[in-house]
Amino acid sequence: MNEIITLSDVKKSYTDSNHEVTNVLHVEEMRIHKGEQFSLTGPSGCGKSTLLHIIGGVLEASSGEVIVHGTHLEKLSMQQKDAFRANNIGYVFQDFHLIPSLTATENVQLALNKPSAASLKSIGEWFHRVDLSGKQTAYPHELSRGQQQRVAFIRALIHQPKLLLADEPTGSLDVKTASDIMELLLHVCIEQQITLLCVTHDMAVASRFPHTIEMQQFNRTMQQGVYE
Ligand code: ADP
């Protein structure tokens, strides 16, 4: 099977305290092949993060089928989903989510069940690969924002996920740093054949990806205003 993500008739709605239901997402069909890199674009509020979090198993779809890596996420318990994510998916966020009291290496080790000599060697190689040699013992506040995001990349990739989900990873960086970081992220994913789904509202960023998903095309709630 060549697909790593398959979505069929996936819907997400929210019910507020007045029992009013708002439909925010309806994807009839989406198929993503292994090793491809996609930007996920569209205006604010169009459901990009919602879709990413459903694929990542951190948000449950209201209905429909979500298959990632051959596993039906809707059939997993919360605990099984946590384990599935830890084994198969890397996540990168806009705000890095590094722990301030831990060094760069210790932050990366958080993503590993049991740090070993081999994993320490691998962490060292990753720091070299992303041009952070010499920064392994630095604390987040001693690193620039671009360097902090590179540490977050290593943390997301150290357990060798086949799928990397990135939610506006360059959204809080200046233009030059954002461009360098995006180049690095794409380069690493293409080189390691990692499937990448990267949310961005920045068309300059999106245009650098081999493939783009425009939410306007995929989210039927946007096309129709509502879905039944
Ligand atoms: P994007 O990432 O494209 O900016 P989101 O996926 O964050 O959009 O949000 C899509 C829509 O879902 C928005 O209209 C947002 O207000 C709504 N939404 C997101 N989370 C919630 C929530 N917990 N409760 C109610 N509505 C929500």
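The predicted model holds zero disulfides. Cysteine 46 is in no disulfide. Its nearest cysteine sulfur belongs to cysteine 198, 14 Å away. Cysteine 46 counts as buried, since its relative accessibility is 3%. Cysteine 198 has a cysteine sulfur at 9.0 Å, that of cysteine 189. This is the closest one to the sulfur of cysteine 198, and it is too far for a bond. A disulfide would require the two sulfur atoms to lie within 2.5 Å. Cysteine 198 is also buried, at 0% relative accessibility.

Cysteine 46 recurs at the ligand. The residues around the ligand are Tyr14, Val24, Pro43, Ser44, Gly45, Cys46, Gly47, Lys48, Ser49 and Thr50. Three polar approaches can be described individually. A nitrogen atom of the ligand is 3.4 Å from an N or O atom in the side chain of tyrosine 14. The backbone of glycine 47 places a polar atom 3.1 Å from a ligand oxygen. On the side chain of threonine 50, an N or O atom is 2.5 Å from an oxygen atom of the ligand.

The strands are considered next. Strands of a sheet pair through backbone hydrogen bonds, in either a parallel or an antiparallel sense. One open sheet has four strands in the order β2-β1-β4-β5, with antiparallel pairing. Its edge strands are β2 (21-33) and β5 (71-72), each of which pairs on one side only. Helix α1 (residues 48-55) packs on this sheet. The helix touches β1 (3-15), β2 and β4, and its direction makes about 120° with that of β1.

Within the four-stranded sheet, β1 and β2 are joined in the antiparallel sense over eleven bridges. Lysine 11 has histidine 26, in β2, as its bridge partner. The hairpin of β1 and β2 has five residues between the strands. There, histidine 19 takes a positive phi near 65°. β1 also runs antiparallel to β4, with five bridges joining the two. In this pairing, threonine 6 stands opposite isoleucine 67 of β4. Strand β4 (residues 63-68) is joined in turn to β5 by two bridges, again antiparallel. Isoleucine 67 takes part here too, with histidine 72 of β5 as its bridge partner.

A further open sheet has five strands, in the order β6-β7-β8-β3-β9, with parallel pairing. β6 (89-92) and β9 (211-214) are the edge strands, and each pairs on one side only. From one strand to the next, the twist averages 20°. Strand β7 (residues 163-167) and strand β8 (residues 195-199) run parallel and are joined by five bridges. Leucine 164 stands opposite leucine 196 in β8.

Helices also lie across the five-stranded sheet. α1 crosses β3 (37-41), β6, β7 and β8, running at about 150° to β7. Helix α1 thus has contacts with strands of the antiparallel sheet and with strands of the parallel sheet. Helix α2 (residues 78-88) lies across β6 and β7, at about 85° to β6.

Threonine 195 lies in strand β8. Its relative accessible area is 2%, and therefore threonine 195 is buried. Neighbours within four places in sequence are left aside in its contact list. Among the remaining contacts are Ile32, His33, Lys34, Gly35 and Glu36. Lys162, Leu163 and Leu164 also touch threonine 195, as does Ile4. Leu164 is the residue that stands opposite leucine 196.

Histidine 141 provides a contrasting setting. This residue is placed in the loop between α4 (117-129) and α5 (145-157). With a relative accessible area of 66%, histidine 141 is exposed. Its C-alpha lies 9.3 Å from that of serine 101. In sequence, histidine 141 and serine 101 are 40 residues apart.

Notes
Residues are numbered from 1 along each chain as its sequence is written. This is a predicted model: local features need pLDDT of at least 70, side-chain atom pairs count only at pLDDT 80 or more; totals for chains, interfaces and linings use all residues. Side-chain values use heavy atoms; hydrogens and water are left out. Buried means under 20% relative accessible area, exposed over 50%, partly exposed in between (1.4 Å probe, protein chains only). Two strands pair if DSSP finds at least two bridges between them. Contact means heavy atoms within 4.5 Å. Axes are lines fitted to C-alpha atoms, for helices over the stretch in contact, and angles run from 0 to 180 degrees between N-to-C directions. A residue is near a molecule or strand if one of its heavy atoms lies within 4 Å of it. A polar contact is a pair of N or O atoms within 3.5 Å; within protein, one must be able to donate a hydrogen and the other to accept it, and residues adjacent in sequence count only if both atoms are side-chain atoms.
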